[in-house]
Amino acid sequence: MAEDYAQFVQTQIAALKAEVGDAIAINALSGGVDSSVVTALGHRALGKQLKTVFVDNALMREGEPQYVVKVFRDIGIPVELIDAREEFLGALRGLTDPEEKRHAITDTFYAKVFGRLVKESGAKFLLHGTILTDIDETVAGIKRQHNILAQIGIDPEKQYGYRVIEPLDTLRKDGVRKVAALLGLPAEITERIPFPGPALAARIVGEVTPERLATVRAATTIVEEELGNTGAFQYFAVLLTDYATGIRNNQREFGQIIVVRCIESTDARTATVTRIGWDTLDRIAERITQIPNVNRCLYDLTPKPPATVEYV
Ligand code: XMP
């Protein structure tokens, strides 16, 4: 099987070279395993002809943009960090509806920020980390993120003059991880837990503001530190819009509520709740309620279905 993946890498490198020729290609790295593999594969095939960008959309986990750029720099792949925080925060201002929030993020990314980057770079090709599962799920109507450009009414070739190449569209996640290892990507990238495209905005019920982002970001750091050794499929923190009464320094406080979610799953289509020990839950609650203006911490006991994994 290993030879098959080695063969896959060679075939894709040859195909990318043949298709791109001496043109410029561009790709957006998110730090997830799929876009990381596309980045590594693309750079093997195209070297300096591939421009890789990481767009900081203000919705990332603590230190994430700098971390991802550094991991790639350490393996010799330059990644340009694009600061688009104000643009995304502006697009999200005042929005509370989950679908409107998701749409604002997608639209800001593709139609504005990334569209501009493609134009500036003169790229004729866009490398995209779509995998076979994404295509299956789009066809089955489960996911709406695949081929997002067509869905928001953009024909990339007409509008921006670039073609989309999807080198991983015959692989599933396990295959992508094998290819990642063959390409020399470190385990810290290939073994990361899934993280959604809308990032922390998927974990903020209601409006996404810099203050609310700071709250959920701090809680996320705590949850990842405390649950990193569980081997669970996914674990994260969510900020609700509800408030509850509490007491801090002998004063009544009407504070915010953080939900901790930790699940077991193989493909995120269904999930069960991880049975975390009380000691760990106690520690998490103690740390999370030290975040300013957070005075309650809840553990989500709901499997998928009926709940989804994310809250937005
Ligand atoms: P749900 O919330 O639909 O999540 O049960 C299933 C899995 O998909 C992830 N997820 C996303 N991933 N873009 C992504 O790349 C998205 O918009 C998105 N929404 C959810 C979620 O983290 C879980 O692993």
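**Exercise 1.** Describe how the side chains of E224 and R61 meet, and place this within the contact between domain 1 and domain 2.

*Solution.* The side chains of E224 and R61 form a salt bridge, with 2.8 Å from N to O, where a salt bridge is a side-chain nitrogen of Lys or Arg within 4 Å of a carboxyl oxygen of Asp or Glu. This is a predicted model, in which local features need pLDDT of at least 70 and side-chain atom pairs count only at pLDDT 80 or more, while totals for chains, interfaces and linings use all residues. Residues are numbered from 1 along each chain as its sequence is written, and side-chain values use heavy atoms, with hydrogens and water left out.

Next, take the domains, whose bounds come from an automatic or database domain assignment: domain 1 covers 2–190 and domain 2 covers 204–299. To their contact (heavy atoms within 4.5 Å), domain 1 gives 15 residues and domain 2 gives twelve residues. Finally, the count of salt bridges between domain 1 and domain 2 is one.

**Exercise 2.** Which residues come nearest to the ligand, and what kinds of residue make up the shell?

*Solution.* Begin with the twelve residues around the ligand (a heavy atom within 4 Å); R102, Q234, K304, V309 and E310 come nearest. Then sort the shell, which holds five nonpolar, four polar and three charged residues, where Ala, Val, Leu, Ile, Met, Phe, Trp, Tyr, Cys and Pro count as nonpolar, Asp, Glu, Lys and Arg as charged, and the others, Gly among them, as polar.
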